[in-house]
Amino acid sequence: QVRIVESGGGWVQPGGSLRLSCTASGFTLRNYPVSWFRQAPGKERDLVASITTSSFTSNYLDSVKGRFTISRDDAKNTVYLQMNSLKPEDTAVYYCHSRGYSDDSRLGDYWGPGTQVTVSS
């Protein structure tokens with residue numbers, strides 16, 4: 001069974017920084033594009049950033065461009081989201097997502113349980 005886990009969330013004051021990490025078991029992250037989504041209570045889940053295999057390119061939600069950086073370390077089979085200049089409106093649960101074939105050859109959309117990011121003074 002595929003399990004994706006996010007880590008690195010927490011509380012930070014406006015203007016601060018956090019780095020989120022995404023790892024997986026039963027699934028090889030480095031073989032597929034990976035995305036970060038976020039969702040606040042009562043709001044839609046929004047795509048924040050995505051990255052291709054081999055880090056060839058990345059894309060970002062307009063409101064985080066210039067502040068967030070998605071990256072991956074394929075040797076560690078890990079994807080990161082570096083978040084700088086955080087704003088209160090960045091407060092949300094952040095989710096890691098990928099789509100592809102599991103180690104037992106099941107195609108699916110795979111999500112982590114999320115990690116809470118709270119930006120407040």
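Biologist: Which residues form a disulfide here, and how far apart are their sulfur atoms?

Modeller: Bear in mind that this is a predicted model. In it, Cys22 and Cys96 form a disulfide, with their sulfur atoms 1.9 Å apart. The pair links distant parts of the chain: Cys22 belongs to strand β3 (residues 18-25) and Cys96 to strand β9, 74 residues apart. A search of the whole structure finds one disulfide.

Biologist: Is that disulfide left-handed or right-handed?

Modeller: Look at the torsion about the S-S bond. For Cys22 and Cys96 the torsion is about -80 degrees, so the disulfide is left-handed.

Biologist: And are the two cysteines buried or exposed?

Modeller: Cys22 is buried, at 0% relative accessibility, and Cys96 is buried, also at 0%.

Biologist: Let's turn to charges. How many salt bridges does the model have?

Modeller: The general idea is that side chains of opposite charge can pair when their charged atoms come close. In this structure the count comes to five salt bridges. One of them joins the side chains of Asp90 and Arg38, at 2.9 Å from N to O. Asp90 lies in the loop between β8 (78-83) and β9 (92-101) and Arg38 in strand β4 (residues 34-39), so this pair ties together parts that are 52 residues apart in sequence.

Biologist: Are Asp90 and Arg38 buried or exposed?

Modeller: Asp90 is buried, with a relative accessible area of 0%. Arg38 is buried too, with a relative accessible area of 9%.

Biologist: What about a salt bridge with partly exposed partners?

Modeller: Try Asp109 and Arg99, whose side chains meet in a salt bridge at 2.9 Å, N to O. This pair links distant parts of the chain, with Asp109 in strand β10 (residues 107-111) and Arg99 in strand β9, 10 residues apart. Asp109 is partly exposed at 45% relative accessibility, and Arg99 is partly exposed at 43%. There is also a network: salt bridges that share partners join Arg38, Arg67 and Asp90.

Biologist: Which residue forms a salt bridge with Arg72?

Modeller: That is Asp74, and the closest N and O atoms of the two are 3.3 Å apart. Here the partners fall into separate classes: Asp74 is partly exposed at 25% relative accessibility, while Arg72 is buried at 11%.

Biologist: Now for empty space. What is the volume of the largest pocket, and which residues line it?

Modeller: Rolling a probe the size of a water molecule over the atoms shows where empty space is left. In this model the largest pocket has a volume of about 150 Å³. Its lining is made up of Arg38, Gln39, Ala40, Lys43, Glu44, Asp46, Pro88, Glu89, Thr91 and Ala92. By character, the lining residues divide into three nonpolar, two polar and five charged. You have already met Arg38, which bridges to Asp90.

Biologist: How do I read the two faces of a strand?

Modeller: In a regular strand the side chains alternate between the two faces of the sheet. Take strand β11 (residues 115-119): Thr115, Val117 and Val119 make up the covered face, and Gln116 and Thr118 the uncovered one.

Biologist: Which strands pair with β11, and in what sense?

Modeller: Strand β2 (residues 10-12) runs parallel to β11, and three bridges join them. Trp11 has Thr118 as its bridge partner in β11. β9 pairs with β11 in the antiparallel sense, over three bridges. There, Thr115 in β11 is the bridge partner of Tyr94.

Biologist: And which strands pair with β3?

Modeller: Five bridges join strand β1 (residues 3-7) to β3, and the two run antiparallel. In that pairing Ile4 has Ala24 of β3 as its bridge partner. β3 and β8 also pair in the antiparallel sense, over five bridges, and Leu18 stands opposite Met83 in β8.

Biologist: Last one: which residues have a positive phi although they are not glycine?

Modeller: Ser54 is one, with a phi of about 60 degrees. Ser54 sits in the loop between β5 (46-51) and β6 (58-60), and is partly exposed at 43% relative accessibility. Asn77 is another, with a positive phi of about 55 degrees. Asn77 is found in the loop between β7 (68-73) and β8, and counts as buried at 15% relative accessibility.

Key. Residues are numbered from 1 along each chain as its sequence is written. This is a predicted model: local features need pLDDT of at least 70, side-chain atom pairs count only at pLDDT 80 or more; totals for chains, interfaces and linings use all residues. Side-chain values use heavy atoms; hydrogens and water are left out. A salt bridge is a side-chain nitrogen of Lys or Arg within 4 Å of a carboxyl oxygen of Asp or Glu. Helices (H or I, at least four residues) and strands (E, at least two) are DSSP runs, numbered from the N terminus. Buried means under 20% relative accessible area, exposed over 50%, partly exposed in between (1.4 Å probe, protein chains only). A disulfide is a pair of cysteine sulfur atoms within 2.5 Å. On a 1 Å grid over the protein atoms alone, a cavity is a set of points where a 1.4 Å probe fits but cannot get out, and a pocket is an open set with protein on both sides within 12 Å along at least five of seven lines; lining residues have an atom within 4 Å of a point. Grid points are joined across faces, edges and corners, and a volume is the space filled by probe spheres set on the points. Ala, Val, Leu, Ile, Met, Phe, Trp, Tyr, Cys and Pro count as nonpolar, Asp, Glu, Lys and Arg as charged, and the others, Gly among them, as polar. Two strands pair if DSSP finds at least two bridges between them.
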